[in-house]
Amino acid sequence: MTIPRDIVSPPKTAVPSSPSPSSFFNAGTSPSYGTSYFPPAPEKQLKPFNTGDIKILLLEDINRTARELLQKEGYQVEFHTSSLQDIDLIEKIRDVHVIGIRSKTKLTASVLDHAENLLAIGCFCIGTDQVDLEYAAKRGVTVFNSPFSNSRSVAELVIAEVIMLARRIGDKSMEMHSGTWQKGSARCREIRGKVLGIIGYGHIGSQLSVLAESVGMSVLFYDVVPLMAIGKARQVKSLSELLVSSDFVTLHVPETHETRDLIGRTELMAMKEGSYLINASRGRVVDLQALWYEPPLIIDQPVLSDVLIANLCLENIYMCSEAMRSGHLAGAALDVFPREPSADGPYFNKDLARWATEIRNLPNIILTPHIGGSTEEAQEAIGAEVGEALLGYINFGCTIGAANMPEVALRSITVAEESHLRVIFIHQNRPGVLRQVNDILGDHNVDKQMSDSRGDVSIRAQEPLLARLACSR
Ligand SMILES: NC(=O)c1ccc[n+]([C@@H]2O[C@H](COP(=O)([O-])OP(=O)(O)OC[C@H]3O[C@@H](n4cnc5c(N)ncnc54)[C@H](O)[C@@H]3O)[C@@H](O)[C@H]2O)c1
């Protein structure tokens, strides 16, 4: 700890000798947010806080890597293996500066309203759907996640599935589990020399490209943006060019309006006879019914009664199971589904969706419960990435990679700059605020400053002078 020093004129009220960290971070209290740029508050003496005063609550068995990183920094870390529900969550979140969660803890606006000292949320997972990002931003709470730490795990699973589909391992294994010994090479193939068509050449698609070439496959990819191909991979101009040329088609796109049902019946029929489909991206990207449906009769649907529609569907399902069995598609591997059970257990059945029971009965189809990115290595990487991001935010006000804030990052303060002070100010994006900030800090020889906006929220990082760190909002 450096010795606390003032950067504003001496306060008119007594400053506690050991201020809480939130007294720095919460210089403007959240209830007044949106009604005034600077809530009436006594001038504050900004001091470096003691890292031992930062309270962190980690839920849902967050990886050891993150726990150790945060504890080593001196923060108080409270750890729980499961999520907390309603009253317990509200009780715990009231007091902490940082909360770390995975996908089960829901941080809604009403929960966040109780978080009086909260500065940051760490989502130790890929998605951030479980957090009300916009509301968190309005309250000046920065959210971090880890979108890419499990890319390699997904790519490895897909390569494994390419081989398993080509050798019909799923069916062979099920036969053996049921006591049937059935040798034979019919419809079992090597993957060397085959064409892998990758749709979406981002983090996962490009990793997969490298792995596929290393086992002797040729790689084509289709992406909406022109991208540098790795190795001998080649970008094609259209989705249909990829579909007609590939022995295996694998999807690695985000779920967006454009990618919903990207692969439907027309696309499946455009694929090569005897080819394979793999989806480990998002469930709604493939129209699952197309896997077994024949084209529905073209009838003006509003004139059909619900009962008639239900009967037509059943008939189509029956016919189209035959279509997949006929071999136009030789197999498929699905890791993601349009609807997924919210808990572990025997829930992948007709109560989830009608297609759940239908696809379970198709031949040479590998079904996995959204585990593409679920490896110990990925969890460690996520723990390190989100843990580092939280540390960078608390200690240096860096918001790079934040899911709901503009990105600002002044370079790290060096040892030689021990007397520098870092001020982060989060405010509504309204004219006049920056002038008011400059009026306060202008006399203090500002060395560096950065400012950015995202929607209604702006963030400004300044490094005037003195002390190691203080943040204010
Ligand atoms: N199964 C799992 O456990 C698991 C784990 C991690 C990620 N994912 C999912 O995998 C997908 C890909 O992840 P990523 O990290 O590689 O994403 P990314 O953002 O790095 O790459 C996505 C690529 O898709 C391209 N793209 C977007 N729309 C497209 C379109 N209409 N047609 C063609 N290309 C398009 C983008 O340009 C980008 O290059 C995401 O949906 C992600 O949610 C699944």
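Two residues are in contact if their C-beta atoms, placed from the backbone, lie within 7 Å. With that in hand, here are the legends for a predicted model.

**Figure 1. L391 in helix α13 and its partners from far away in sequence.** L391 sits in helix α13. Leaving aside residues within four places in sequence, its contacts are L69, L70 and E73. The C-alpha atoms of L391 and L70 are 7.2 Å apart in space, although 321 residues separate the two in sequence. Is L391 buried or exposed? L391 counts as buried because 21 C-beta neighbours lie inside 10 Å, and the cut-off for a buried residue is 20 or more.

**Figure 2. Helix α13 from end to end.** This view follows the helix that holds L391. Helix α13 has 21 residues, and its first and last C-alpha atoms are 29 Å apart. That is close to the 30 Å expected at 1.5 Å a residue. Just after the helix comes G397, with a positive phi of about 65°.

**Figure 3. The largest nonpolar core, and a second one apart from it.** The largest nonpolar core has 56 residues, and I56, A120, I121, V143 and L390 touch the most other members. Which helix gives the most to this core? Helix α13, residues 376–396, does, with nine residues. L390 touches L70, V98, A120, G122 and F144, when residues up to four places away in sequence are not counted. A separate second core has 51 residues, among them I159, V286, L329 and V336.

**Figure 4. The shell around the ligand.** Here we turn to the ligand and its surroundings. There are 30 residues around the ligand, and G200, G202, I204, G372 and G373 come nearest. By type, the shell divides into 13 nonpolar, twelve polar and five charged residues. Helices α6 (151–166) and α8 (203–214) each supply at least two residues of the shell. The helix that gives the most is α8, with three residues.

**Figure 5. S206 in helix α8.** Staying with a helix from the previous view, we find S206 in α8. S206 counts as buried because it has 23 C-beta neighbours inside 10 Å. Neighbours within four places in sequence aside, S206 is in contact with Y201 and I230. S206 and A155 lie 8.7 Å apart, C-alpha to C-alpha, with their positions 51 residues apart in sequence.

**Figure 6. Helix α6, with its buried residues.** How far should the 16 residues of α6 span at 1.5 Å a residue? The expected span is 22 Å, and the end C-alpha atoms are 23 Å apart, which agrees. The buried residues of α6 include A155, I159 and L165. S151, S153 and E161 are buried in this helix too. I159 also belongs to the second core. Just after α6, R168 takes a positive phi of about 55°.

**Figure 7. Two aspartates with positive phi.** D61 has a phi near 55°, a positive value in a residue other than glycine. D61 lies in the loop between β1 (55–58) and α2 (64–72). It counts as partly exposed because it has 15 C-beta neighbours inside 10 Å. D86 is also a residue other than glycine with a positive phi, near 25°. D86 is in helix α3, residues 86–93. Is D86 buried or exposed? D86 is exposed, because 10 other C-beta atoms lie within 10 Å.

**Figure 8. The chain as a whole, and where confidence falls.** The last view steps back from the close-ups. The chain has 14 helices and 15 strands, and 39% of its 473 residues count as buried. Of the contacts with a separation of 6 or more, 67% join residues 24 or more positions apart. The mean pLDDT of the chain is 81, and 79% of its residues reach 70 or more. Where does the pLDDT stay under 50? One such stretch is residues 294–323, for which the model has 22 contacts beyond four places in sequence. Residues 465–473 also have a pLDDT below 50, and this stretch has 50 contacts in the model beyond near neighbours in sequence.

How values were computed:
Residues numbered from 1 in each chain as written. Predicted model: local features only at pLDDT ≥ 70, side-chain atom pairs only at ≥ 80, totals over all residues. Core = buried A, V, L, I, M, F, W, Y, C linked by C-beta atoms within 7 Å. Buried ≥ 20, exposed ≤ 12 C-beta atoms within 10 Å, placed from the backbone. Helix = DSSP H or I, 4+ residues; strand = E, 2+ residues; numbered from the N terminus. Near = placed C-beta within 6 Å. Nonpolar A, V, L, I, M, F, W, Y, C, P; charged D, E, K, R; others polar. Expected span 1.5 Å × (residues − 1). pLDDT = per-residue confidence, 0-100.
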